[in-house]
Amino acid sequence: MYLILIFSLSFISRLLIAKKAPIDFDSYAHIYFIKELKNQRVGPFGKIKLKVAGNSGFNHQFLLYWLIGLFPIDIIIKFNKWINPLIDSLFTVFIFIICL
């Protein structure tokens with residue numbers, strides 16, 4: 001019961017904030033990582049070459065980007081305001097369970 005309440009409150013509060021906000025530079029950067037993972041066919045723990053000056057490769061834990069990248073990019077952009085609150089709410093519930 002507490003988990004559902006915590007998830008709901010977290011999701012609603014985060015959604016109310018994200019609902020009115022435009023897609024910003026940070027969101028486009030995350031979408032860029034997802035696109036490059038798809039284009040370069042790199043797994044969730046690989047290294048991607050970013051198309052910026054002086055880049056020798058970007059190594060990061062891309063598991064979440066890789067999972068989200070399983071969906072088409074236009075769907076990700078369309079539902080971006082729902083995906084971020086969902087992930088944040090799941091993370092909040094996960095932290096709550098660990099704290100117990």
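**Exercises on a predicted model**

α1 has 19 residues and reaches 28 Å from its first C-alpha to its last, close to the 27 Å expected at 1.5 Å a residue. The expected span is 1.5 Å times one less than the number of residues. Helices (H or I, at least four residues) and strands (E, at least two) are DSSP runs numbered from the N terminus.

This is a predicted model, where local features need pLDDT of at least 70, side-chain atom pairs count only at pLDDT 80 or more, and totals for chains, interfaces and linings use all residues. Residues are numbered from 1 along each chain as its sequence is written, and side-chain values use heavy atoms, with hydrogens and water left out.

**Exercise 1. The outline**

Task: List the secondary structure of the protein in sequence order.

Solution:
- Count the elements: there are 5 helices and 2 strands.
- Read along the sequence: the pattern is α-α-β-β-α-α-α.
- Add the dimensions: the C-alpha trace spans about 50 × 30 × 25 Å along its principal axes.
- Look at contacts (heavy atoms within 4.5 Å). Of those with a separation of 6 or more, 56% join residues 24 or more positions apart.

**Exercise 2. The two sides of α1**

Task: Find the buried residues of α1 and say how they are placed around its axis.

Solution:
- Fix the terms: buried is under 20% relative accessible area, exposed is over 50%, and partly exposed is in between (1.4 Å probe, protein chains only).
- Pick out the buried residues of α1: Ser10, Phe11, Leu15 and Ala18.
- Check their directions: they lie on the same side of α1 because they cover an arc of only 130° around the axis. The arc is taken from the helix axis to the C-beta atoms.
- Turn to the face away from the buried side: Tyr2, Leu9, Leu16, Ile17 and Lys20 are exposed there.
- Ask what covers the buried residues of α1: α5 is included.

**Exercise 3. Helix α5**

Task: Describe α5, then compare the burial classes of Asn80 and Ile97.

Solution:
- Start with length: α5 runs over residues 80–99, has 20 residues and reaches 29 Å between its first and last C-alpha, close to the expected 28 Å.
- Name its buried residues: Asn80, Pro85, Ser89 and Val93.
- Find their partners: the buried residues of α5 pack against α1 (2–20), α2 (25–40) and α4 (73–78).
- Classify Asn80: its relative accessibility is 9%, so Asn80 counts as buried.
- List its neighbours: leaving aside residues up to four places away in sequence, Asn80 touches Ile23, Ser27 and Pro85.
- Classify Ile97, also in α5: its relative accessibility is 45%, so Ile97 counts as partly exposed.
- Take one distance: Ile97 and Ile23 are 74 residues apart in sequence and 31 Å apart in space, C-alpha to C-alpha.

**Exercise 4. The largest pocket**

Task: State which helix supplies the largest share of the lining of the largest pocket.

Solution:
- Define a pocket: on a 1 Å grid over the protein atoms alone, it is an open set of points where a 1.4 Å probe fits, with protein on both sides within 12 Å along at least five of seven lines; lining residues have an atom within 4 Å of a point.
- Give the space: about 540 Å³ lies in the largest pocket.
- Count the lining: 24 residues, of which Asp26, Ser27, His30, Asn80 and Asn84 lie nearest the centre.
- Trace the sources: α1, α2, α3 (63–68) and α5 each supply at least two lining residues.
- Pick the helix: α5 gives the largest share, 7 residues.

Definitions and conventions
Points joined across faces, edges and corners; volume = space filled by probe spheres on them.
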